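User: Hey, could you walk me through this model?

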Amino acid sequence: MLQNITLDPTWLEALSEEFEKTYMHALKAFLDEQAAQQKQILPPTPHWFHALNSTPLDQVKVVILGQDPYPTPGHAHGLAFSVMPEVKPLPKSLQNINRELYEDLGIDNSHTGYLQPWAQQGVLLLNAVLTVEAGKSNAHQGKGWERFTQKVVDVINEHRENVVFILWGNYAQKKGASIDTGRHLVINTPHPSPLSAYRGFFGSRPFSQANGYLKLHDITEIDWRV
């Protein structure tokens, strides 16, 4: 299935060798097997690399790391934490993100969970695992996606300057452990899920922190309204 997917040229140049590695061949075989068993893979195949195609490497300003796609059909479209425009009510984590954004910058995004406008401004909304089986959270963990998306993080760390990495929760923070904090800003907070948001996510002001850092380095700030 991977051979039928197109990838933004800036990412393809940086990641082309990954597609020839053993782990990616194993991942492809796993996904082909899942499809052959008529299992519903989310998001739909054209959206697997939607985060990378929406935010080319040379335009990345901010990285927000998620874990895996929403397992509810019709929700995930390839951007971490984002849902399709028609989805209501919003997932609880996304409600908490909107709440913190309102407290931080007075921006009310409660009307939608569609974060495509962020991606188009340079916010890479990257899940660690790019696919999931419908109705089964984390079903595709440990199949190879984590290694691929770690390479994405490493490429940004190495080839870009003054990027803001917003790492919500232990899972994202482990993935970002190798980021050079001398060249990039790393914001570590608890995850916005209802289980942990009250432990330090609320009040962390990641959006204003990100824009303050970008402004300091003469980089156009993110308009967080959607």
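**Helix H2 and beyond**

Analyst: Sure. On H2, the face turned away from the buried side carries the exposed residues Thr 22 and Ala 36. Exposed means over 50% relative accessible area, buried under 20%, and partly exposed in between, with a 1.4 Å probe and protein chains only. Helices (H or I, at least four residues) and strands (E, at least two) are DSSP runs, numbered from the N terminus. This is a predicted model, where local features need pLDDT of at least 70 and side-chain atom pairs count only at pLDDT 80 or more, while totals for chains, interfaces and linings use all residues. Residues are numbered from 1 along each chain as its sequence is written, and side-chain values use heavy atoms, with hydrogens and water left out.

User: Which residues of H2 are buried?

Analyst: Tyr 23, Met 24, Leu 27, Phe 30, Leu 31 and Gln 34. Looking down the axis of H2, those buried residues fall within an arc of 115°, so they line one face of the helix. The arc is taken from the directions from the helix axis to the C-beta atoms.

User: Why would residues three or four places apart point the same way?

Analyst: An α-helix has 3.6 residues a turn, so that spacing brings them round to the same side.

User: And what covers the buried residues of H2?

Analyst: The cover includes strand E1 (41-42), strand E4 (132-133) and helix H6 (145-159). Contact here means heavy atoms within 4.5 Å.

User: How far apart are the end C-alpha atoms of H2?

Analyst: They are 21 Å apart, which agrees with the 21 Å expected for the 15 residues of H2 (residues 22-36). The expected span is 1.5 Å times one less than the number of residues. After H2 comes Gln 38, with a positive phi near 65°.

User: Switching topic: where is Arg 99?

Analyst: Arg 99 is in helix H4 (residues 92-105), and it is partly exposed at 40% relative accessible area. Leaving aside neighbours within four places in sequence, Arg 99 is in contact with Tyr 198 and Phe 202.

User: How does Arg 99 lie relative to Phe 202?

Analyst: Arg 99 lies over the face of Phe 202, at 4.0 Å from the ring centre. To count, NZ of Lys or CZ of Arg must be within 6 Å of the ring centre and within 35 degrees of the ring normal.

User: How many aromatic pairs are there in the whole structure?

Analyst: The search finds 14. Rings of Phe, Tyr and Trp (its six-membered ring) pair if their centres lie within 6.5 Å; planes under 30 degrees apart are stacked, over 60 edge-to-face, and the rest tilted. One of the pairs is Tyr 198 with Phe 202, edge-to-face, at 5.0 Å centre to centre and 70° between the planes.

User: Are those two buried or exposed?

Analyst: Tyr 198 is exposed at 65%, whereas Phe 202 counts as buried at 19%. Both belong to one aromatic cluster, with members including Phe 81, Trp 118 and Trp 168.

User: Last thing, how many salt bridges does the structure hold?

Analyst: It holds 7, each being a side-chain nitrogen of Lys or Arg within 4 Å of a carboxyl oxygen of Asp or Glu. Among them, Lys 21 and Glu 18 meet at 2.8 Å, N to O. Lys 21 is partly exposed at 31%, while Glu 18 is buried at 5%.
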